[in-house]
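Subject: Structure for you, with notes

Hello,

Here is the structure I promised to pass on. My notes follow below it.

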Amino acid sequence: MSEKKSNNNLMMTILKGRTFIVLIILVIFFRIMKSNFLDPTTLAMIAKHVALYGILALGMTFVIITGGIDLSVGSVVGLVGMLAGGLIQEGLTLKMFGVTLYFSVPMIIIFMLLFGLFTGWINGLIITKLKVAPFIATLGTMYMCRGFANLRSGGATFSSIAGKEGLGNVGLKTLGSNWFGIPAGVYIFAVLAIIAVVLLKKVPFGWYVTAVGGNEKSARLSGIKADRIKIYVYMISGFCAAWVGLINTAQLSAAHPASGDGWEMNAIAATVLGGTSMAGGSGTIVGTIVGAFVIGVINDGMTMCGVSEFWQKVIRGAVIILAVVIDQTQRNLQAKMALQARNENK
Amino acid sequence: MKKKIALLLAAVMLATGVTGCGIVTVVKIGQEGTLTGETEFDSSQQSGQDWEQVVAEITENAKDLKEVEGDIGSDAVAVSGTAVIKEWNHEQAVKTYIVLDGYENEVVIQTGSVYTGTAVRDLQTLKKFSDFKNQTEWSEYAKSLNKESDSQIVQPLGLSDDVNGKEITFVGGAVKKAGKITITVVSAQIN
């Protein structure tokens, strides 16, 4: 009996640390396949990509913990890039006054972050007030944002996002450069991750998020304003997507309406790999960070090894399914162990 | 009323504040160049300035079309000649052309309104790609040179059906595509 229990405990420990174990295995595997995989330049490139998926996944973690999903984040990335790029390259023309306004980069960043919050607020309102399923609501806003991104320039790219000294709008490219050898996006990811950890684990808001995802009815009965919490989590997701839109535009030195296409899947994959339950009610930011690294290592590792993009999609899909299956196994095992413990106490 | 004045004052102060702090730069529409020192790219201005030199260069380098006819390919060649006009084809208003007689290949002079190709631009050495900011400007320059050809050479010819059978003397850039030689003229005269 005790041997069985210790086996279960060992199994549980492995399952809990599965993402980290997978990450280590992947790093070793790609290091064997490509000798330059752990070179500083390669690591900086991976970190650059991980930061983008990671920031999106931070927001996605809050959403998925409440039992929701946000499919619009990839399109918000594209739209924010186009809006920021447009404000830099063309300014804001007010024909009635015969002037064009060129905003400074800090102002543009603030506008875009507010815009990210706004898209999240719209998602939240559609889900909570109009009672539309999160999948459908965010699918709709996904298409709308992508459409608006294309409409902003007629499908063209904004290629002059460096700004001009005379117009006082230079500086966005700083977000895409390296600070002390590390991509700026990594610092932003780190700061946002710390804030996310505090929000989720150290303040009542995080408990409310988990409570709403765990059992919404009970949460409501205990006085938690579930609708408000849901709106907030979508706003957090939009805010994170806006950051990614800005960083990605800065990294590319251009804004293209197709930017961020399909990135919501990377964010969801990172979140699920990190142990956040698709059913809601549980998840950790640290897990999501490790999940983002796994996705980043898989993506860049496969690209470096020359795996075709089509196969990459197949493998990524399989990884997501595997992650969910393992998550389910962990839950079943947890339930089994709890039952065992209860029987022993009797 | 007082409230409106206060709001207006607040708006003015806010606008002044944000402008003064560099938060926003207000520029009259199209006047960005006064602040950046950059002038907007005007391809027609450049082609207008360069046209005479372009004509002189192509005229100087031009070879008799009859001699080089067989060597013409997709790269532009400066050609000249005198030939009988077989027909001025204007079935399509946007794609009219003069068909020349007396050549082994089918030879046409494009007469607008739409001009295709970049032969004139490719034959001049006054400006090169690196003088332009990007491919778009380089392409605009080619289009503007074609427009110069239209306005300064083709339009003054006053083409009509009467030109059929007359003789034309021309200089221009020629390219061969799908067995047909197309010439964009930099000078032409109907005798």
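Is Asp131(B) buried, partly exposed or exposed? Asp131(B) is partly exposed, because its relative accessibility is 42% and the partly exposed class runs between under 20% for buried and over 50% for exposed. Please keep in mind that this is a predicted model.

**Salt bridges**

The search of the whole structure, over all chains, gives 8 salt bridges. Here are some of them.

Asp131(B) pairs with Lys128(B). Their closest N and O atoms are 4.0 Å apart. The cut-off for a salt bridge is within 4 Å. Lys128(B) is exposed, at a relative accessible area of 51%.

Asp50(B) and Lys127(B) form another salt bridge, with 2.7 Å between the closest N and O atoms. This pair ties together distant parts of the chain, the two residues being 77 residues apart. Asp50(B) sits in helix H3 (residues 43-61) of chain B. Lys127(B) is in the loop between helix H5 (119-123) and H6 of chain B. Both Asp50(B) and Lys127(B) are buried.

In chain A, look at Arg220(A) and Glu216(A). Their side chains meet in a salt bridge, 2.5 Å from N to O. Both residues belong to helix H9 (residues 216-221) of chain A. They are 4 residues apart there, about one turn of the helix. Arg220(A) is partly exposed, with a relative accessible area of 38%. Glu216(A) is also partly exposed, at 25%. The two take part in a network of salt bridges with Asp227(A) and Lys230(A).

**A buried acid without a partner**

Asp150(B) deserves a look. This residue is in helix H6 (residues 135-154) of chain B. Asp150(B) is buried, yet has no salt bridge. Which side chain of opposite charge is nearest to Asp150(B)? It is Lys147(B), and the distance is 9.2 Å. The cut-off for a salt bridge is within 4 Å, so this pair does not count as one.

What does Asp150(B) contact, once neighbours within four places in sequence are left aside? The contacts are Thr111(B), Gly112(B), Tyr115(B), Gln155(B) and Pro156(B).

**Backbone points**

One of those contacts, Gly112(B), is also part of a cis peptide bond. The bond joins Gly112(B) to Ser113(B), and omega is about 0°. Ser113(B) falls in strand S5 (residues 106-113) of chain B.

Two residues of chain A have positive phi without being glycine. They are listed here:

- Lys131(A) has phi of about 55°. Its place is the loop between helix H5 (105-128) and helix H6 (134-153) of chain A. Lys131(A) counts as exposed, at 60% relative accessibility.
- Ser253(A) has phi near 60°. Its place is the loop between helix H10 (226-252) and helix H11 (263-273) of chain A. Ser253(A) is partly exposed, with a relative accessible area of 26%.

**A nonpolar patch in chain A**

Which residues form a nonpolar patch on the surface? Leu10(A), Ile14(A), Ile21(A) and Ile25(A) do. Together they have about 370 Å² of accessible area. Helix H1 (2-16) and helix H2 (18-33) of chain A each supply at least two residues of the patch.

Ile21(A) belongs to helix H2 of chain A. This residue is partly exposed, with a relative accessible area of 38%. Patch residues need over 30%, so Ile21(A) meets that cut-off.

**Layout of chain B**

Chain B splits into domain 1 (2-36) and domain 2 (43-190). How many Å separate the centres of the two domains of chain B? The separation is 51 Å, taken over C-alpha atoms.

Gln92(B) and Ile23(B) give another long distance to check on screen. They are 54 Å apart in space, C-alpha to C-alpha, and 69 residues apart in sequence. Gln92(B) is in the loop between strand S3 (77-89) and strand S4 (95-100) of chain B. Gln92(B) is partly exposed, with a relative accessible area of 48%.

Best wishes

Terms used: Residues numbered from 1 in each chain as written. Chains lettered and ligands numbered in written order. Predicted model: local features only at pLDDT ≥ 70, side-chain atom pairs only at ≥ 80, totals over all residues. Heavy atoms only, no water. Patch = residues over 30% accessible without salt bridge, like charges linked within 9 Å, V, L, I, M, F, W, Y side chains within 5 Å. Areas by Shrake-Rupley, 256 points an atom, 1.4 Å probe, with all protein chains shown as cover. Buried < 20%, exposed > 50% of the residue type's maximum accessible area, 1.4 Å probe, protein only. Domains from an automatic or database assignment. Lys, Arg positive; Asp, Glu negative; His and termini not counted. Contact = heavy atoms within 4.5 Å.
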